[in-house]
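Visitor: I have not seen this structure before. Please show it, and then take my questions in turn.

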Amino acid sequence: MTSSKRAKPHSVYIPKLDDEHDKISRDMDELNRTVAAGGEAHELLQDLIEDMSSHLAGEERMMRSAAYPSYAWHKHQHDAARNRLKRFAERIDAGESAAVCEMVDFFRLWLRDHTGLHDRMMAAYLRNFGRAHDQKAS
Ligand SMILES: [Fe+2]
Ligand SMILES: [Fe+2]
(Lines give C-alpha, C1' and ligand atoms only; values in the text may rest on other atoms or scores of the structure.)
(Ligands and ions follow the chains in the order given, each with its own letter.)
Protein backbone atom coordinates (compact mmCIF):
# COMPACT_ATOMS: atom_id res chain seq x y z
CA MET A 1 0.00 0.00 0.00
CA THR A 2 1.39 3.39 -0.93
CA SER A 3 1.35 6.19 1.60
CA SER A 4 -1.20 8.12 -0.47
CA LYS A 5 -3.64 5.22 -0.20
CA ARG A 6 -3.16 4.74 3.54
CA ALA A 7 -6.22 5.90 5.53
CA LYS A 8 -5.46 9.12 7.33
CA PRO A 9 -6.08 9.20 11.07
CA HIS A 10 -9.01 11.58 10.70
CA SER A 11 -10.29 10.46 7.35
CA VAL A 12 -14.06 10.78 6.93
CA TYR A 13 -13.89 8.50 3.83
CA ILE A 14 -15.33 11.11 1.47
CA PRO A 15 -12.31 12.14 -0.63
CA LYS A 16 -13.56 15.67 -1.40
CA LEU A 17 -13.96 16.42 2.30
CA ASP A 18 -10.67 14.75 3.26
CA ASP A 19 -8.88 16.87 0.64
CA GLU A 20 -10.50 20.03 1.97
CA HIS A 21 -9.53 19.19 5.55
CA ASP A 22 -5.94 18.65 4.36
CA LYS A 23 -5.96 21.97 2.52
CA ILE A 24 -7.17 23.83 5.62
CA SER A 25 -4.36 22.21 7.66
CA ARG A 26 -1.83 23.23 5.02
CA ASP A 27 -3.19 26.80 4.98
CA MET A 28 -2.68 26.99 8.74
CA ASP A 29 0.85 25.55 8.55
CA GLU A 30 1.82 28.01 5.85
CA LEU A 31 0.36 30.95 7.73
CA ASN A 32 2.14 29.89 10.90
CA ARG A 33 5.50 29.42 9.12
CA THR A 34 5.22 32.70 7.24
CA VAL A 35 4.39 34.76 10.32
CA ALA A 36 7.11 33.00 12.37
CA ALA A 37 9.59 34.03 9.66
CA GLY A 38 8.41 37.66 9.86
CA GLY A 39 6.25 37.54 6.71
CA GLU A 40 2.92 39.13 5.90
CA ALA A 41 -0.21 37.33 7.18
CA HIS A 42 -3.03 39.07 5.32
CA GLU A 43 -3.18 37.11 2.03
CA LEU A 44 -2.61 33.72 3.63
CA LEU A 45 -5.25 34.53 6.21
CA GLN A 46 -7.69 35.35 3.40
CA ASP A 47 -6.89 31.98 1.76
CA LEU A 48 -7.60 30.20 5.03
CA ILE A 49 -10.87 32.09 5.53
CA GLU A 50 -11.99 31.32 1.97
CA ASP A 51 -11.09 27.64 2.18
CA MET A 52 -12.69 27.27 5.59
CA SER A 53 -15.85 29.16 4.58
CA SER A 54 -16.40 27.21 1.38
CA HIS A 55 -15.68 23.92 3.16
CA LEU A 56 -18.21 24.58 5.95
CA ALA A 57 -20.83 25.85 3.47
CA GLY A 58 -20.23 22.79 1.26
CA GLU A 59 -20.76 20.37 4.15
CA GLU A 60 -23.94 22.23 5.09
CA ARG A 61 -25.26 21.91 1.51
CA MET A 62 -24.50 18.18 1.53
CA MET A 63 -26.27 17.74 4.87
CA ARG A 64 -29.34 19.68 3.74
CA SER A 65 -29.64 17.82 0.48
CA ALA A 66 -29.56 14.49 2.34
CA ALA A 67 -31.92 15.76 5.11
CA TYR A 68 -29.26 14.95 7.74
CA PRO A 69 -31.08 14.65 11.09
CA SER A 70 -28.27 16.28 13.11
CA TYR A 71 -27.89 19.23 10.76
CA ALA A 72 -28.72 21.90 13.39
CA TRP A 73 -26.20 20.46 15.88
CA HIS A 74 -23.48 20.27 13.24
CA LYS A 75 -24.20 23.73 11.87
CA HIS A 76 -24.04 25.15 15.38
CA GLN A 77 -20.43 23.84 15.61
CA HIS A 78 -19.64 25.46 12.25
CA ASP A 79 -21.15 28.79 13.33
CA ALA A 80 -19.05 28.77 16.51
CA ALA A 81 -15.93 28.15 14.40
CA ARG A 82 -16.90 30.93 11.96
CA ASN A 83 -17.23 33.36 14.89
CA ARG A 84 -13.87 32.32 16.34
CA LEU A 85 -12.19 32.64 12.95
CA LYS A 86 -13.68 36.11 12.45
CA ARG A 87 -12.44 37.28 15.86
CA PHE A 88 -8.94 35.85 15.29
CA ALA A 89 -8.83 37.44 11.82
CA GLU A 90 -9.71 40.87 13.26
CA ARG A 91 -6.83 40.61 15.76
CA ILE A 92 -4.38 39.40 13.10
CA ASP A 93 -5.39 42.12 10.65
CA ALA A 94 -4.91 44.65 13.46
CA GLY A 95 -1.27 43.53 13.56
CA GLU A 96 -1.39 41.19 16.56
CA SER A 97 0.95 38.51 15.23
CA ALA A 98 0.70 36.41 18.43
CA ALA A 99 -2.94 35.79 17.49
CA VAL A 100 -1.73 33.67 14.53
CA CYS A 101 -0.13 31.11 16.80
CA GLU A 102 -3.15 31.13 19.09
CA MET A 103 -5.51 30.70 16.13
CA VAL A 104 -3.50 27.86 14.60
CA ASP A 105 -3.37 26.04 17.96
CA PHE A 106 -7.11 26.55 18.40
CA PHE A 107 -8.09 25.39 14.90
CA ARG A 108 -5.73 22.43 14.85
CA LEU A 109 -7.57 21.07 17.90
CA TRP A 110 -10.96 22.18 16.62
CA LEU A 111 -10.38 20.50 13.27
CA ARG A 112 -9.16 17.30 14.90
CA ASP A 113 -12.13 17.11 17.30
CA HIS A 114 -14.76 18.29 14.84
CA THR A 115 -13.53 16.04 12.04
CA GLY A 116 -13.13 13.07 14.38
CA LEU A 117 -16.70 13.28 15.69
CA HIS A 118 -19.12 15.56 13.84
CA ASP A 119 -17.74 15.14 10.32
CA ARG A 120 -17.32 11.39 10.70
CA MET A 121 -20.92 10.97 11.86
CA MET A 122 -22.13 13.17 9.02
CA ALA A 123 -20.00 11.38 6.42
CA ALA A 124 -21.21 7.94 7.56
CA TYR A 125 -24.79 9.14 7.15
CA LEU A 126 -24.06 10.69 3.73
CA ARG A 127 -22.39 7.49 2.49
CA ASN A 128 -25.39 5.42 3.62
CA PHE A 129 -27.78 7.94 2.10
CA GLY A 130 -25.86 7.79 -1.17
CA ARG A 131 -25.90 3.97 -1.20
CA ALA A 132 -29.66 3.81 -0.46
CA HIS A 133 -30.27 6.37 -3.18
CA ASP A 134 -28.13 4.42 -5.70
CA GLN A 135 -30.04 1.22 -4.91
CA LYS A 136 -33.40 2.93 -5.50
CA ALA A 137 -32.13 4.38 -8.77
CA SER A 138 -31.00 1.00 -10.12
FE1 LIG B 1 -15.25 19.35 7.81
FE1 LIG C 1 -18.25 19.91 9.77
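Visitor: Leaving aside neighbours within four places in sequence, which residues is Ile-92 in contact with?
Guide: This is a predicted model, where local features need pLDDT of at least 70, side-chain atom pairs count only at pLDDT 80 or more, and totals for chains, interfaces and linings use all residues. Residues are numbered from 1 along each chain as its sequence is written, and side-chain values use heavy atoms, with hydrogens and water left out. Contact means heavy atoms within 4.5 Å. On that basis the partners of Ile-92 are Ala-41, Leu-45, Ala-99, Val-100 and Met-103.

Visitor: Which element gives the largest share of the largest nonpolar core?
Guide: A nonpolar core is a set of buried (under 20% relative accessible area, 1.4 Å probe, protein chains only) Ala, Val, Leu, Ile, Met, Phe, Trp, Tyr and Cys residues joined through side-chain atoms within 4.5 Å. The largest one has 22 residues, with Ile-92 among those with the most contacts inside it. Helices H1 (15–36), H2 (42–65), H3 (71–93) and H4 (98–137) each give two or more residues; helices are DSSP runs of H or I, at least four residues, numbered from the N terminus. The largest share, seven residues, comes from H4.

Visitor: Are H1 and H2 roughly parallel or roughly antiparallel?
Guide: Their axes, lines fitted to C-alpha atoms over the stretch in contact, have angles from 0 to 180 degrees between N-to-C directions. The two axes come within 9 Å and cross at roughly 160°. Angles over 145 degrees count as roughly antiparallel, so H1 and H2 are roughly antiparallel.

Key: Chains lettered and ligands numbered in written order. Buried < 20%, exposed > 50% of the residue type's maximum accessible area, 1.4 Å probe, protein only. Parallel < 35°, antiparallel > 145°, perpendicular 65-115°, else oblique.
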